[in-house]
Amino acid sequence: ILFHALREPEANLYVTQMAVDLQGLDVNRFVEAWRTVLRRHSILRSGFVWQGDLPVPLQAVFKDVELPVALHDRRLQPFDESELVELRKADYERGFDLCQAPLLRLTLVSLAGGMTHLIWTCHHLLLDGWSTSLLLGEVMDIYAGAAPRARQGNYRDYIAWLQSQDKAAGETFWRWQLGGVNAPCLLAATVNAPQASGNGYWNFRLDADETQRLQATAQQQRITLNTLLQGAWALLLRHYTGQSRVVFGATVAGRPGDLLGAETMLGLFINTLPVAIEISPAMPLAEWLRGLQADNLRLREFEYLPLYEIQRWAGVGGDLFDTLLVFENYPVDEALQQSGSGLSIGNVNQHDVTNYPLTVDVAVGRVLEIGFDFSRAYFGEEDIRRIGDCFRTLLLSIGQHAEEAIGSIGYGAFDGPKTHTIPAKRLDERLLLQTIRTQAQ
C-alpha cells in the first residue's frame with residue numbers, strides 16, 4: 001500500500017473516507033472521544049518514513065499527536081447536499097503526508113435542526129475494515145460515557161508474529177498453488193480502453209428473495225457465500241478472457257488464530273492474495289465450488305505473505321491479475337448504531353480507491369449489494385454495466401442450477417460469443433508495460 005501510494009501520489013490511492021449524518025450530536029464531546037482513542041492506540045499515532053539511508057521503510061509511532069479537526073457551523077445558513085459533496089471531495093483530494101501523524105482527520109458540519117454531518121478521512125495504511133468497525137464502536141462507547149473496551153495485545157505483537165513465520169514453507173506452498181498459471185489474467189485487455197482519467201462507480205443489488213436463494217444454495221453445498229461469489233467471478237473471467245485457469249485478487253482478514261487478542265487489535269491485517277482457479281466445463285458445478293472452498297481453507301495457513309513475493313514466485317512477470325474481489329463482513333453501520341449514545345444515524349457513505357483497474361465490493365445484509373470501483377483509464381461505464389449484468393446472471397444461474405455442469409451455467413444469457421480471446425497485440429502491450437514496471441520496482 002505504501003509503495004502504490006508513493007508511486008501515484010496524485011491518485012490518493014488507499015485514502016478511505018466515511019461520511020455519515022448524526023442527529024443530536026454533542027460536537028465537543030464527540031471530538032474528545034476521538035482524542036481519547038488517539039491516545040489509547042499507537043497505530044493511530046503512526047506515520048511512515050523511507051527517506052535517507054533506511055534499508056526498508058519503517059512505521060514510526062509518535063508519542064503525542066494533535067487530532068486534525070475542521071468545524072463548520074452552518075446552522076443559520078442554507079447548506080444543500082451538493083455543498084456537502086464538494087466538501088467531501090475536497091477533503092478526500094487533500095490526501096496525506098505519510099510522514100506526518102496522524103493519518104486521519106475529522107470534518108464536522110453543524111446543520112439546522114440538530115443535524116451534524118461527519119466526514120472522517122483516514123489512510124488505509126493504518127486500519128483495515130474490521131479495525132474501522134472496532135474503532136468506531138470504541139469512539140461511540142466513550143462518547144456515551146461507557147468505559148473503553150478492553151483489548152489484548154497491540155499491533156506490534158502482530159508484527160513480531162509476522163517475523164516469526166516460516167517464509168520458506170510459504171514459498172513452497174505458493175509455487176505449488178500457482179502452478180499452471182502461465183500468463184496474467186487481465187480483464188481490461190478484453191475491452192477497448194477509453195483512456196479517460198479518474199475513477200467511476202456502478203453497483204447493483206439482488207432483492208431479498210434472490211439473496212436468500214443464494215445463501216440457501218451456499219448452505220446446501222456446504223460452502224460460504226464468499227466462495228459462491230468467487231466461483232461466479234471466475235466463470236465471468238473465463239467467459240471474457242477465454243483462459244481455462246483464471247486468476248483474480250481476493251482480500252483476506254489476515255488475523256492469525258494463534259495470536260492472542262488478534263480479533264480485537266486495531267491495525268492493518270488485511271491482505272490481498274491471488275485466487276487461481278481451473279475451470280473444466282464438464283465438471284459438476286457443486287463439486288467445483290467445494291474444491292474452491294477447500295483451496296480457500298488451505299490458503300489461510302499462508303495468507304500472511306506479501307503479494308509482491310507471491311507474484312514473484314509465480315514466475316509470470318508483473319501482475320497476475322487486474323481485478324480484486326472484496327467481500328465485506330465488517331459491521332461499520334452496526335458499530336455506529338450499537339451504543340448508548342442516543343444518536344440517530346443515517347446516510348452512511350464510504351469511499352476509497354485501490355491500485356487495481358477494477359475492484360468489486362460485495363456487501364451482504366438483508367440484500368446482496370455489489371459495487372464496481374473502476375479506473376476510467378481501463379474501463380468505460382458501458383463495459384462495467386455489461387460486466388455487472390454478466391456477474392448478476394451468473395450468480396442467479398448458480399443459485400438455480402448448482403447441480404449442473406459448469407459449461408451449462410449462465411452462458412446462454414450473455415451477449416456475443418461464449419468467450420472472448422484477448423487480442424495478441426493488446427496482451428503484448430500489457431505484458432511489456434508490466435515488465436517495465438517490474439524492472440523499475
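**Close-up views of a predicted model**

**View 1. Phe30 and Trp34 share helix H2.** Phe30 and Trp34 both sit in helix H2, four residues apart, which is about one turn of the helix. The model shown here and in the other views is predicted. A pair of aromatic rings is described by the distance of the centres and the angle of the planes. Across the model, the count comes to 16 aromatic pairs. For Phe30 and Trp34, the ring centres are 6.4 Å apart and the planes stand at 75°. Planes over 60 degrees apart count as edge-to-face, so this pair of Phe30 and Trp34 is edge-to-face.

**View 2. Five strands form an open sheet.** The strand order is S4-S5-S6-S1-S11. Pairing in this sheet is mixed. Strand S4 (69-73) and strand S11 (344-351) are the edge strands, and each pairs on one side only. From one strand to the next, the twist averages 15°. S4 and strand S5 (residues 104-110) run parallel, joined by five bridges. Within this pair of strands, Ala70 stands opposite Thr107 in S5.

**View 3. Helix H2 packs on the five-stranded sheet.** Helix H2 covers residues 27-40. The helix touches four strands: strand S1 (15-23), S4, S5 and strand S6 (115-123). How does the direction of H2 lie relative to that of S5, and what angle do they make? The angle is about 175°. Angles over 145 degrees count as roughly antiparallel, so H2 is roughly antiparallel to S5. H2 is also the helix that holds Phe30 and Trp34.

**View 4. Helices H6 and H10 cross obliquely.** Helix H6 spans residues 167-177, and helix H10 spans residues 307-314. Their axes come within 9 Å and cross at roughly 55°. H6 and H10 are therefore oblique to each other. The crossing of the two helices is right-handed. On the H6 side, the contact is made by Lys167, Gly170, Glu171, Trp174 and Arg175. On the H10 side, Glu309, Ile310 and Trp313 take part. Sorted by class, the contact of H6 with H10 has three nonpolar, one polar and four charged residues.

**View 5. Helices H8 and H9 cross roughly at right angles.** Helix H8 runs over residues 225-241, and helix H9 over residues 285-299. The two axes come within 10 Å and cross at roughly 115°. That makes H8 roughly perpendicular to H9. This crossing of H8 and H9 is right-handed. Which residues of H8 meet H9? They are Thr227, Leu228, Gln230, Gly231, Ala234 and Leu235. Their counterparts in H9 are Leu285, Trp288, Leu289, Leu292, Gln293 and Asn296. By class, the contact of H8 with H9 has seven nonpolar and five polar residues, with no charged ones.

**View 6. Six strands form another open sheet.** The order here is S7-S13-S12-S10-S8-S9, again with mixed pairing. Strand S7 (199-205) and strand S9 (271-278) stand at the edges. Each has a single partner strand, so one side of each is left without a neighbour in the sheet. The twist averages 25° from one strand to the next. S7 pairs with strand S13 (residues 368-375) in the antiparallel sense, over seven bridges. One bridge links Trp202 to Phe372 in S13.

Key. Residues are numbered from 1 along each chain as its sequence is written. This is a predicted model: local features need pLDDT of at least 70, side-chain atom pairs count only at pLDDT 80 or more; totals for chains, interfaces and linings use all residues. Side-chain values use heavy atoms; hydrogens and water are left out. Two strands pair if DSSP finds at least two bridges between them. Axes are lines fitted to C-alpha atoms, for helices over the stretch in contact, and angles run from 0 to 180 degrees between N-to-C directions. Contact means heavy atoms within 4.5 Å. Angles under 35 degrees count as roughly parallel, over 145 as roughly antiparallel, 65 to 115 as roughly perpendicular and the rest as oblique. A crossing is left-handed if the near helix is turned anticlockwise from the far one by less than a right angle, and right-handed if clockwise. Ala, Val, Leu, Ile, Met, Phe, Trp, Tyr, Cys and Pro count as nonpolar, Asp, Glu, Lys and Arg as charged, and the others, Gly among them, as polar. Rings of Phe, Tyr and Trp (its six-membered ring) pair if their centres lie within 6.5 Å; planes under 30 degrees apart count as stacked, over 60 as edge-to-face and the rest as tilted.
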